Amino acid sequence: MTYINEHVLNNLFYMLVSIFFFYFLYDHVRFFQRKKAHQRLLLIACSSVPIILCMKYPIYIAPDCVHDLRQVPFLLGTFYGGWTVSFPLLLILLLARWVMYGYQFITVAVYVMMFVFGSLFSPIFQRLSRKQRLFASGVVTFILAIVATILAIVISDFQVTESYIIHFILVPPFAVSFVVLIVETLREALLVRSEAIKLEKMEVVSQLAASISHEIRNPLTVVKGFLQLMKSKDILAETREQYINIALEELNRACAIIDDYLTFAKPFPEKMEPLDVHHELTKA
C-alpha cells in the first residue's frame with residue numbers, strides 16, 4: 001500500500017510542478033502574455049510533460065494491473081484550453097502510450113471520448129465561478145471515469161477490481177478538484193497582485209497631479225500675461241509677433257507636461273494591432 005501511495009503522490013507532484021512552472025513563465029515572460037495562442041502553446045507544453053511522466057512512472061495497483069493519473073492533466077488542459085489545447089494533448093498522449101506500451105484500441109476509444117466531452121464542457125467550465133469550477137471539474141471527471149469504465153467493459157470485457165475503482169474512478173475526481181483549487185488560487189493571486197500594482201500606480205499618479213498642476217499653471221500664467229499685453233493698441237507688430245511666439249512656446253511646454261503625465265497614467269496596452277489610418281479617416 002505504501003508503494004502505491006508513493007506513486008500516487010509522485011503523479012500529483014508532476015502535475016503541481018508543471019502548474020507552478022506554467023504560471024512562473026506566464027508571469028515573468030512577456031511573450032506568453034501577448035497572445036492567447038502563446039498561452040495555449042505554454043499550456044500544451046506544461047500539460048504534456050506530466051502526462052508523459054505519469055505514464056513513465058505509473059501506479060502499480062496489482063501484479064497484473066498498472067494505472068496512472070494521466071487523465072488528470074489531460075482533462076485540466078481540456079477544461080482550461082478547450083479543443084485547441086486538448087487535441088494536441090490527445091495526440092501527444094496516444095503517441096507516448098504507443099511508444100511506451102504499444103497500441104491498444106481501448107486507450108484510443110477512452111481518451112477520444114474524454115476529448116469530445118471535455119471539449120464540449122470547456123466553454124461552460126470557463127464561465128463558471130471559482131467554487132463552481134471546483135465542484136463541476138470533480139463531477140465531470142467522475143462521470144467520464146464511469147463512462148470510460150463502461151466503454152472498456154463493452155469493448156474488451158474489462159475486469160473491474162476494487163483497486164481499479166479506487167485509483168481510476170474515485171481518485172481522479174479528487175485529484176482534478178485539488179489541482180483546480182491550486183490553479184484558481186494562483187490565478188487569483190496574480191490578479192490581486194496586478195490590481196495592487198495598478199492601485200499603487202494610480203496613487204503615485206495622484207501624488208504627481210498636485211506638482212504637475214503647478215508646472216502647468218506657470219506656462220498658462222505666462223500666456224495669460226502676454227495676451228493681456230497684446231491688448232494694448234500701441235504695441236508694435238514686431239513686439240506682438242515676439243509675444244505670440246513666447247505664448248506658443250509656453251503652450252507647447254504645457255502640452256508636453258500633460259502628454260508625459262498621460263503616458264505614465266494610462267494602462268499599458270495588452271493587445272497591439274496595426275491600424276489603417278486612411279480607412280479610419282475615411283470612415284470618420
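These legends describe close-up views of a predicted model.

**View 1. The largest nonpolar core and the residues at its centre of contacts.** The largest nonpolar core has 52 residues. Within this core, Val72, Phe74 and Met114 have the most contacts. Two or more core residues come from each of the helices α1 (2–28), α3 (36–56), α4 (71–81), α5 (83–101), α6 (105–127), α7 (130–156) and α8 (162–230). Around Met114, leaving aside neighbours within four places in sequence, the contacts are Gln71, Phe74, Leu75, Ser119, Leu144, Ala148 and Phe168. Phe74 therefore appears both in the list of residues with the most core contacts and among the contacts of Met114.**View 2. Leu93 in helix α5.** Leu93 is buried, with a relative accessibility of 0%. Leaving aside neighbours within four places in sequence, Leu93 is in contact with Ile51, Met55, Arg70, Phe74 and Tyr111. Two of these contacts, Ile51 and Met55, are among the buried residues of α3. Glu238 lies 145 residues from Leu93 in sequence, and their C-alpha atoms are 83 Å apart in space.

**View 3. The salt bridge between Arg70 and Asp68.** The side chains of Arg70 and Asp68 meet with N and O 2.7 Å apart. Are these two residues buried or exposed? Arg70 counts as buried because its relative accessibility is 11%, under the 20% limit. Asp68 is also buried, with a relative accessible area of 3%. Arg70 is one of the residues in contact with Leu93. The structure holds 6 salt bridges, and this pair is one of them.

**View 4. The salt bridge between Glu188 and Arg130.** The closest N and O atoms of Glu188 and Arg130 are 2.5 Å apart. This pair links distant parts of the chain: Glu188 is in helix α8 and Arg130 is in helix α7, 58 residues apart. Glu188 counts as partly exposed at 39% relative accessibility. Arg130 is likewise partly exposed, at 32%.

**View 5. Glu184 and Arg187 within helix α8.** A salt bridge joins the side chains of Glu184 and Arg187, at 3.7 Å from N to O. Both residues lie in helix α8, 3 residues apart, which is about one turn of the helix. Glu184 is buried, with a relative accessible area of 8%, whereas Arg187 is partly exposed, at 36%. Salt bridges that share partners join Arg133, Glu184 and Arg187 into one network.

**View 6. Arg133 and its surroundings in helix α7.** Arg133 is buried, at 8% relative accessibility. The side chain of Arg133 reaches the backbone oxygen of Leu128 at 3.3 Å. Leaving aside neighbours within four places in sequence, the contacts of Arg133 are Tyr80, Phe125, Gln126, Arg127, Leu128, Val180, Glu184 and Arg187. Among these, Glu184 and Arg187 belong to the salt-bridge network that includes Arg133.

**View 7. Helix α7 along its length.** Helix α7 has 27 residues. From its first C-alpha to its last, α7 reaches 38 Å, close to the 39 Å expected at 1.5 Å a residue. The buried residues of α7 are Arg133, Ala136, Ser137, Gly138, Val140, Thr141, Leu144, Ala145, Ala148, Thr149 and Ala152. Leu144 and Ala148 are also among the contacts of Met114. Asp157 follows α7 and has a positive phi, near 55°.

**View 8. Helix α3 and its buried residues.** The 21 residues of α3 should span 30 Å at 1.5 Å a residue, and the end C-alpha atoms are 30 Å apart, which agrees. Buried residues in α3 are His38, Gln39, Leu42, Leu43, Ile44, Cys46, Ser47, Ser48, Pro50, Ile51, Cys54 and Met55. The helix also gives two or more residues to the largest nonpolar core.

**View 9. Cysteines without a disulfide.** A disulfide is a covalent bond between the sulfur atoms of two cysteines. How many disulfides does a search of the whole structure find? The search finds 0. For Cys46, the closest cysteine sulfur is in Cys54, and the distance of 14 Å is too far for a bond. Cys46 is buried, with a relative accessible area of 9%. Cys255 counts as partly exposed, at 44% relative accessibility.

Terms used:
Residues are numbered from 1 along each chain as its sequence is written. This is a predicted model: local features need pLDDT of at least 70, side-chain atom pairs count only at pLDDT 80 or more; totals for chains, interfaces and linings use all residues. Side-chain values use heavy atoms; hydrogens and water are left out. A nonpolar core is a set of buried Ala, Val, Leu, Ile, Met, Phe, Trp, Tyr and Cys residues joined through side-chain atoms within 4.5 Å. Buried means under 20% relative accessible area, exposed over 50%, partly exposed in between (1.4 Å probe, protein chains only). Helices (H or I, at least four residues) and strands (E, at least two) are DSSP runs, numbered from the N terminus. Contact means heavy atoms within 4.5 Å. A salt bridge is a side-chain nitrogen of Lys or Arg within 4 Å of a carboxyl oxygen of Asp or Glu. A disulfide is a pair of cysteine sulfur atoms within 2.5 Å. The expected span of a helix is 1.5 Å times one less than its number of residues. A polar contact is a pair of N or O atoms within 3.5 Å; within protein, one must be able to donate a hydrogen and the other to accept it, and residues adjacent in sequence count only if both atoms are side-chain atoms.
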